[in-house]
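Me: I've got a model open and I'd like a close look at a single part of it, with some context to start from. Here it is.

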Amino acid sequence: KSASQNVLIESNSMVNNLISESYSFVCSFDIKGKIESINLPSIDLLKAEKLGNILGMQFSKWVFNKDTPIFLEGLGKAAKGIQTEIKIRMQSTENDIIWLQLKILPKIKNEIIETIYCLGNDVSRSVFDETESENSK
């Protein structure tokens, strides 16, 4: 391997580590929403480990029904090369509802969408706190 290839590999590794440490939910999917990769904390959050390999499944399978249009709109924007941010509910295999704040980012190479990254954090606690605060007024 050349020195520049080694630098690129090291750089990609550093970026991947930074992303995984910054976000609790990290996955990628194709422009049709099929999961291509997903990190372990995301699998744990969705309680999906018992399903085995979830690669190739539709990401929208995990999206709470009423929030599917929000997700599909974000996916549509990403498929056109537009970064977007959404807040949606996801549903685990045990029917737990998890609120996620997600950034949906297209990876574009030579003007073609290669993949779509989905980076986010569980905001369930802050949504619950907001709801409790509103209900106590």
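Among contacts in the protein chain between residues at least 6 apart in sequence, what percentage join residues at least 24 apart? After that, please walk me through strand E1 (25-29), with Phe25 as the way in.

Reply: The answer to your opener is 47%: of the contacts between residues at least 6 apart in sequence, that share joins residues at least 24 apart. Keep in mind that this is a predicted model.

A bit of context before zooming in. The protein chain has 137 residues, and 33% of them are buried. Four helices and five strands make up its elements, and reading along the sequence you get α-β-β-α-α-β-β-β-α. About 8,700 Å² of the chain is exposed, with 52% of that coming from carbon and sulfur atoms.

Now for E1. Five of its five residues are buried, so call the strand mostly covered. Look at which way the side chains go: Phe25, Cys27 and Phe29 point to one side, Val26 and Ser28 point to the other, and all of them are buried.

Who pairs with E1? One partner is E5, which runs antiparallel to E1 and is joined to it by five bridges. To find the register, start at Val26: its bridge partner in E5 is Leu119. Another partner is E2, again antiparallel, this time over three bridges. There, Ser28 sits opposite Ser37 of E2. E1 and E2 make a hairpin with five residues between the strands, and if you check the backbone there, Gly33 has a positive phi near 90 degrees.

On to Phe25 itself, which belongs to strand E1. Its relative accessible area is 0%, so it counts as buried. Leaving out neighbours within four places in sequence, the residues in contact with Phe25 are Asn39, Ser42, Leu45, Leu46, Phe59, Met90, Leu100, Leu102, Cys118, Leu119 and Gly120. For a look at the backbone, try Asn121: it is 96 residues away from Phe25 along the chain, yet their C-alpha atoms are separated by 5.6 Å.

Several of those names come back when you go to the largest nonpolar core. That core has 25 residues, and Phe25, Phe29, Phe59, Phe71, Met90 and Leu102 have the most contacts inside it. The elements giving two or more residues to the core are E1, strand E2 (35-38), helix H3 (68-79), strand E3 (84-91), strand E4 (97-109) and strand E5 (112-122). E4 supplies the largest share, four residues.

The rings deserve a look of their own. The whole structure holds four aromatic pairs. One of them is Phe25 with Phe59, an edge-to-face arrangement at 6.0 Å centre to centre, with 75 degrees between the planes. Phe25 is in E1 while Phe59 is in the loop between helix H2 (40-45) and H3, so this pair ties together parts 34 residues apart in sequence. Both of these rings belong to buried residues.

At Phe29, at the other end of the strand, there is another edge-to-face pair: Phe29 and Phe71, 5.8 Å centre to centre and 75 degrees between the planes. This one links distant parts of the chain too, with Phe29 in strand E1, Phe71 in helix H3, and their positions 42 residues apart. Phe29 has 0% relative accessibility, so it is buried; Phe71 is buried as well, since its relative accessible area is 1%. Put the ring pairs together and Phe25, Phe29, Phe59 and Phe71 link up into a cluster.

While you're around Phe59, you could also glance at Lys61, which lies over the face of Trp62 at 4.5 Å from the ring centre.

One more stop, for the E3 and E4 strands that feed the core. E3 and E4 pair antiparallel over eight bridges, with Thr84 having Ile104 as its bridge partner in E4. They form a hairpin as well, with five residues between the strands, and Asn95 in the turn has a positive phi of about 65 degrees.

Definitions and conventions. Residues numbered from 1 in each chain as written. Predicted model: local features only at pLDDT ≥ 70, side-chain atom pairs only at ≥ 80, totals over all residues. Heavy atoms only, no water. Core = buried A, V, L, I, M, F, W, Y, C linked by side-chain atoms within 4.5 Å. Buried < 20%, exposed > 50% of the residue type's maximum accessible area, 1.4 Å probe, protein only. Pairing = 2+ DSSP bridges. Contact = heavy atoms within 4.5 Å. Areas by Shrake-Rupley, 256 points an atom, 1.4 Å probe, with all protein chains shown as cover. Phe/Tyr/Trp six-rings, centres within 6.5 Å; stacked < 30°, edge-to-face > 60°. Lys NZ or Arg CZ within 6 Å of the ring centre and 35° of its normal.
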